[in-house]
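Me: I'm new to reading protein models and I'd like a close look at one part of this one. Could you take me through a single small sheet slowly, and then show me what else is there to compare it with?

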Amino acid sequence: MEPLFSLLQIISGAPVVDQRTLAARAGVSVGKVNALLRQAEQEGYLLAGREGKKSRFTLTPKGRQLLEDTLIDRSGVKLSFPPAGGADTAVILAGGRRSEFDIPVCLQPIGEEEGVTIIDRMLRVLSVCGVSRYIIIAGWQADALRAHFAGRGDLEIVYNERYKWNGTMSGLALAEEALGRFNPASFLVLKSDLVFEQRGVQALLETDAPFAALLTSPSGSRDEVLAELDGQGDIFRFSKDVRQINRVQGEMTGIARISMDGFRMMMRYFSRNLNPLIGFEYVMESIGRIYRFQGVMVDDLRWGKVETREDYEAVNGLIYPRIERKERQMREKLARDTIEEILPDEPVEEVQFAGGMTNTNYFVKTSGGRYILRLPGRMTESMINRENEKRNAQIASDMGFNCTLLYCNAETGVKLSRYIDGAETLTPRTARLEENIALAADILHRLHHSGIVWENRMDVFEESLKYEGLLGSARMYDGFEEVKALVYGKVKPRLEALGPEDLPCHNDLVAANLVKNSEGRLYLIDWEYSGQNDPAFDLAALFLENDFTPEDEELFFHYYYGDGSIPETVREKILIFKIMQDYLWSIWTVVKEARGDNFGSYGPERFNRARKNLALWQEGLAQTTYPTEGRL
């Protein structure tokens, strides 16, 4: 069909022509031209006649239709960028000013959780979706953003000094240097005034398109950017004027995914630009005339954009509560689906959120029983060895220290345990009741002397260094280097001199991990940090996490030792481990908060307590000498 199309295309512009000229223009022989002309006449594409010494060819309606259809088909043929891997980086455009707000819109609070802003919510969503590095393009009140994100090691703020006169493409272009250093396969770009469901980002990341924008049903907002798609589902046109759209097929949300190849093409296009106000989506549209620019549609997405005070009231008071409700339902659906995979023969009857600090736990009732399902939290894979947990938790379950473990996946971190009948999860207050002190002393003594030998060891000094390695450029609390020097220069050698034990320990005795059944039997749950350790570590954890007074500690010793006598070396080890646990968990807090969590004053309080106990230990050490014998 191609030679025939070429011939008809030539004739459409020069109907009076001889065969030799046709052959030259078409690049074929005269004989081939004559054969094509006969074919065209026989198939009804043209009519042939004479005009002087030359031929006159007239295209029939059928011939013109062939040309039009072929040209339309050709116009839809576009190049494709090479497939790009996952997007672990996001560029957030936060340079603009909204006249009705005294601070950047993205720093406005959202929802009922204290201290959480629009951009905090955005980073949490991105983090859950696997994005771990952020480039924020700041302009108006950039210092407010810097102060808000002080200490975060996963985030870089780039200042746009021309934010008053530039559009979003100018802002995106400023990310070029940081993107060059990070060198992601692809990245997300988002406007900072957006509040949206997590599944919008997930849909964009799950597509294999290296150059795509997130679309949803038109919202009717004042500043909506409408989209028209072509026959292949690629974006054909963006416009804020509905009169320029042949068929409205979605609204651009202000979120896109761009491969580095696509970004380089955008930067080449932008280098010739004379309009600094151009938006990045319109540059993508221009590149989309040559390369495939996919529209990823989530038609029932809940989302909102904050440009005015009225927008903010609507988003915070109406849209965001709906988003939270929808996401809660989706998390519960995930829990339900997970249970159905693990227990396919037990229909799920009830799913309820059951709390969690590092992970998310659900109470699940099925036709066959009641269970606790754990879904792992973000970043836990870099902080917890799930193989060790699975092995240790199963042994503890088999020996009656742990609740009944039914399923534990070392790759995903998903865990299913049988629900403890009449479960009473202790609190720091109830953990200090004498009956519960006695139960805790009994189960810990039995665990420590059970003969179990874990294959791994929990070394608090090594764990602290591991967490410190995850800090990136996040800043620890003032005085950290001084404390660290004492920890590794004096505390660690002193503990080695005292002779630490090497016995099976739980290592995470917060009150929530102490659960009593209806018959008064105590279980230890959540064995993520379990391993060989000095039993004094467990005692220090129990005392520290549950606010034991000196009198509570003496009562515990009475039950643990029988006669209450405790070697002085053990007392010192307990103090050392109190220092080290506060030191360790303060680093853990900074790592978690650098990834978007918010623990309030938890981290600073633990670090300051570590410093206080360190001073007490140094004071006591200067006055005390005794032999190292005396073990738990």
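Reply: Start with V515 and look across to β23: the bridge partner of V515 there is Y523. Keep in mind that you're looking at a predicted model. V515 and Y523 make a handy entry point, since strand β22 (residues 514–516) and β23 pair in the antiparallel sense over three bridges. If you wonder what holds such a pairing together, strands of a sheet pair through backbone hydrogen bonds, either parallel or antiparallel.

Now zoom out a little. β22 and β23 belong to an open sheet of three strands, ordered β20-β22-β23, and the pairing is antiparallel. At the edges you'll find β20 (424–425) and β23 (522–524), each of which pairs on one side only. There's a helix here too: α15 (residues 434–448) lies across β22 and β23, and runs at about 50° to β23.

For comparison, hop over to another sheet. This one is also open, but has five strands in the order β15-β16-β17-β19-β18, again with antiparallel pairing. Its edge strands are β15 (348–353) and β18 (405–408); each has a single partner strand, so one side of each is left without a neighbour in the sheet. From one strand to the next, the twist averages 20°.

Let's walk through some of the pairs in this five-stranded sheet. Strand β17 (residues 369–375) runs antiparallel to strand β19 (residues 415–418), and four bridges join the two. You can pick out matching residues: I372 stands opposite S417 in β19, while Y371 stands opposite R418 in β19. A useful habit when you look along a strand like this is to remember that, in a regular strand, the side chains alternate between the two faces of the sheet.

On to β18 and β19, which pair in the antiparallel sense over three bridges. Here C408 stands opposite K415 in β19. The two strands form a hairpin with six residues between them, and in that hairpin G413 takes a positive phi near 85°.

What packs on the sheet that holds β17 and β19? One answer is helix α12 (residues 309–342), which touches β15, β16 (360–366), β17, β18 and β19. The direction of α12 makes about 115° with that of β17. Helix α14 (residues 386–398) packs on the sheet as well, touching β17, β18 and β19, and its direction makes about 170° with that of β18.

While you're touring, stop at a loop. D534 is found in the loop between β24 (531–533) and α18 (535–545). Is D534 buried or exposed? Buried counts as under 20% relative accessible area, and D534 is at 0%, so it counts as buried. Its side chain has polar company, too. A polar atom of the D534 side chain lies 2.8 Å from the backbone nitrogen of A536, and a polar contact of 2.8 Å joins the side chains of D534 and K573.

For a contrast, try P61, which sits in helix α4 (residues 61–75). P61 is exposed, because its relative accessible area is 71% and the cut-off for exposed is over 50%. P61 and G27 are 34 residues apart in sequence, and their C-alpha atoms are 26 Å apart in space.

A helix can be tucked away as well. Seven of the nine residues of helix α9 (residues 198–206) are buried, so α9 is largely enclosed by the rest of the structure. The buried ones are Q198, R199, G200, V201, A203, L204 and L205. Helix α9 (residues 198–206) falls in a stretch with a name on record: an unreviewed UniProt entry lists residues 90–222 as "domain: MobA-like NTP transferase". That span is 30% helix and 23% strand, and its end C-alpha atoms lie 26 Å apart.

Finally, the whole picture. The protein comes to 21 helices and 24 strands. Its radius of gyration is 34 Å, well over the 26 Å that the globule rule gives for 632 residues, so the protein is more spread out than a compact globule. Along the principal axes, the C-alpha atoms fill a box of roughly 125 × 60 × 45 Å. Of the 632 residues, 52% count as buried. And among contacts with a separation of 6 or more, residues 24 or more positions apart account for 72%.

Technical notes:
Residues numbered from 1 in each chain as written. Predicted model: local features only at pLDDT ≥ 70, side-chain atom pairs only at ≥ 80, totals over all residues. Heavy atoms only, no water. UniProt positions renumbered as here; feature names shortened; annotations may be inferred. Buried < 20%, exposed > 50% of the residue type's maximum accessible area, 1.4 Å probe, protein only. Polar contact = N/O pair within 3.5 Å; in protein donor to acceptor, adjacent residues only side chain to side chain. Pairing = 2+ DSSP bridges. Axes fitted to C-alpha atoms, helices over the stretch in contact; angles between N-to-C directions. Contact = heavy atoms within 4.5 Å. Rg over C-alpha atoms; globule rule 2.2 N^0.38 Å.
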